[in-house]
Amino acid sequence: MLGGRLPSEDAPGVGQYVSRAIQVAESNAKVAMVDGNWVRILHRVFSDEWMADYRYDPRLQRLAQSMVEGATDSRSLNWAILDMGATICLPRKPLCPQCPIASLCETGSLSQIQRSL
Ligand code: SF4
């Protein structure tokens with residue numbers, strides 16, 4: 001807290017991720033804590049172009065934000081994405097057969113097709 005207020009993304013020393021993480025932790029705000037996990041999962045699920053600097057990519061930010069706004073619990077969704085990126089949708093070798101959203105995922109569907117060949 002800065003003077004009784006949550007820090008904004010523009011506050012010195014506070015970036016977008018930290019500001020949003022505090023908003024989610026403090027008030028379950030409907031904001032996406034976009035980090036590398038979010039980007040990797042969105043990229044794989046939607047088979048989208050890789051975004052070089054996701055913090056400022058408006059399309060990616062809109063996509064992540066629309067997911068959070070559609071969720072009943074922003075905190076749970078943000079934590080789920082972080083957990084999934086750390087345990088299942090790993091950077092080098094995603095564990096698609098164990099993934100709960102594999103049927104929705106372009107990359108997961110492709111890897112299942114390749115395994116069956
Ligand atoms: S199916 Fe595979 S690539 Fe797709 S989100 Fe799950 S772990 Fe990641």
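A residue counts as buried here if 20 or more other C-beta atoms lie within 10 Å of its own C-beta. By that cut-off Leu-42 is buried, because 20 other C-beta atoms lie within 10 Å. The model is a predicted one, and the burial described below is read from it in this way. Leu-42 sits in helix 2. Its C-alpha atom is separated by 8.4 Å from that of Leu-63, although the two residues are 21 apart along the chain.

Helix 3 comes next. It has 13 residues and reaches 18 Å from its first C-alpha to its last, close to the 18 Å expected at 1.5 Å a residue. Its buried residues are Leu-60, Ala-64 and Val-68. Looking down the axis of helix 3, these buried residues fall within an arc of 70°, so they line one face of the helix. That set of residues packs against helix 2 and helix 4. The other side of helix 3 is where the exposed residues turn up: Pro-58, Arg-59, Arg-62, Ser-66, Glu-69 and Gly-70.

Helix 4 can be described along similar lines. Running from residue 74 to residue 87, it has 14 residues. From first C-alpha to last it reaches 20 Å, close to the 20 Å expected at 1.5 Å a residue. Ser-74, Asn-78, Ile-81 and Met-84 are its buried residues. Down the axis of helix 4 they fall within an arc of 130°, so here too the buried residues line one face of the helix. What covers them includes helix 1 (16–27), helix 2 (36–46) and helix 3 (58–70). Turned away from this buried side is a face of helix 4 carrying the exposed residues Ser-76, Asp-83, Ala-86 and Thr-87.

That leaves the ligand. It is surrounded by 14 residues, and the closest are Cys-89, Cys-96, Cys-99, Cys-105 and Gly-108. By type, the shell around the ligand divides into 11 nonpolar residues, two polar and one charged. Helix 2 and helix 5 (106–116) each supply at least two residues of this shell. The largest share, three residues, comes from helix 2. Helix 2 thus shows up several times in this account: it holds the buried Leu-42, the buried residues of helix 3 pack against it, it is part of what covers the buried residues of helix 4, and it contributes to the shell around the ligand.

Methods
Residues numbered from 1 in each chain as written. Predicted model: local features only at pLDDT ≥ 70, side-chain atom pairs only at ≥ 80, totals over all residues. Helix = DSSP H or I, 4+ residues; strand = E, 2+ residues; numbered from the N terminus. Expected span 1.5 Å × (residues − 1). Buried ≥ 20, exposed ≤ 12 C-beta atoms within 10 Å, placed from the backbone. Arc of directions from axis to C-beta. Contact = placed C-beta atoms within 7 Å. Near = placed C-beta within 6 Å. Nonpolar A, V, L, I, M, F, W, Y, C, P; charged D, E, K, R; others polar.
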